[in-house]
Amino acid sequence: MNILIIEDELVAQQALVRALTTNFSDIHICGVLDSVDKSVDWLTSTIQYPDAIFMDVELSDGKCFDIFDRVKI
């Protein structure tokens, strides 16, 4: 399963990656992003979409919901 993480706090990023990879052997972290802009760029340029996205609501450059306004999921 391909997982995308959108989180701007480094400690939270690391904890989530560690928890997922430790507990689920079939997990592949396909990206860890820290902003709305980077997430939009990644989602509009990728050829393999993630199966699930873990998102922080409050990011450094806006709310994660802004991504859905800019990218067709």
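1. Does the radius of gyration of the protein agree or disagree with that of a compact globule of 73 residues? The model is a predicted one. A compact globule of 73 residues would have a radius of gyration near 11 Å, and the protein has 12 Å, which agrees. Along the principal axes, the C-alpha atoms fill a box of roughly 35 × 25 × 15 Å.

2. Secondary structure. The protein has three helices and five strands. Their order along the sequence is β-α-β-α-β-β-β-α.

3. Burial and surface. Of the 73 residues, 33% count as buried. The accessible surface of the protein is about 4700 Å², and carbon and sulfur atoms account for 54% of that surface.

4. Contacts along the chain. If the contacts between residues at least 6 apart in sequence are taken, 71% of them join residues at least 24 apart. I6, discussed below, has contacts of this kind: its partners include I53, F54, M55 and D56.

5. Charges. The protein carries 5 positive and 13 negative charges. The mean positions of the two sets are 2 Å apart.

6. Helix 2. This helix covers residues 36–45, and its buried residues are V36, S39, V40, W42 and L43. Seen down the helix axis, these buried residues fall within an arc of 165°, so they line one face of helix 2. An α-helix has 3.6 residues a turn, so residues three or four places apart point the same way. T44 and S45, on the other side of helix 2, are exposed.

7. What does the buried side of helix 2 pack against? The buried residues of helix 2 pack against strand 1 (2–6), strand 2 (28–33), strand 3 (52–55), strand 4 (58–59) and strand 5 (62–63). Helix 3 is also on the list of elements they pack against.

8. I6. This residue lies in strand 1. I6 counts as buried because its relative accessibility is 0%, and the cut-off for buried is under 20%. Leaving aside neighbours within four places in sequence, I6 is in contact with L33, S35, S39, I53, F54, M55, D56, L59 and I67. One of these partners, S39, is among the buried residues of helix 2. D56 is 50 residues from I6 along the chain, yet the two C-alpha atoms are separated by 6.2 Å.

9. C64. The loop between strand 5 and helix 3 holds C64. With a relative accessibility of 3%, C64 counts as buried. Not counting residues up to four places away in sequence, C64 touches M55, D56, V57 and L59. Of these, M55, D56 and L59 are also in contact with I6. The C-alpha atoms of C64 and I27 are separated by 22 Å, with the two positions 37 residues apart along the chain counted as their separation.

10. Q48. The loop between helix 2 and strand 3 is the place of Q48. Beyond its neighbours within four places in sequence, Q48 is in contact with N2 and W42. W42 is one of the buried residues of helix 2. Q48 and I73 are 25 residues apart in sequence, and their C-alpha atoms are 12 Å apart in space.

11. Is D69 buried or exposed? D69 lies in helix 3, residues 65–70. Its relative accessibility is 66%, so D69 counts as exposed; the cut-off for exposed is over 50%. D69 and V40 are 29 residues apart along the chain, and their C-alpha atoms are separated by 9.7 Å. V40, by contrast with D69, is buried.

Key:
Residues are numbered from 1 along each chain as its sequence is written. This is a predicted model: local features need pLDDT of at least 70, side-chain atom pairs count only at pLDDT 80 or more; totals for chains, interfaces and linings use all residues. Side-chain values use heavy atoms; hydrogens and water are left out. Helices (H or I, at least four residues) and strands (E, at least two) are DSSP runs, numbered from the N terminus. The radius of gyration is taken over C-alpha atoms; the globule rule is 2.2 Å times the number of residues to the power 0.38. Buried means under 20% relative accessible area, exposed over 50%, partly exposed in between (1.4 Å probe, protein chains only). Contact means heavy atoms within 4.5 Å. Accessible areas come from the Shrake-Rupley method with a 1.4 Å probe; for residues, only the protein chains shown count as cover. Lys and Arg count as positive and Asp and Glu as negative; His and the chain ends are not counted. The place of a charge is taken as NZ of Lys, CZ of Arg, CG of Asp or CD of Glu. The arc is that of the directions from the helix axis to the C-beta atoms.
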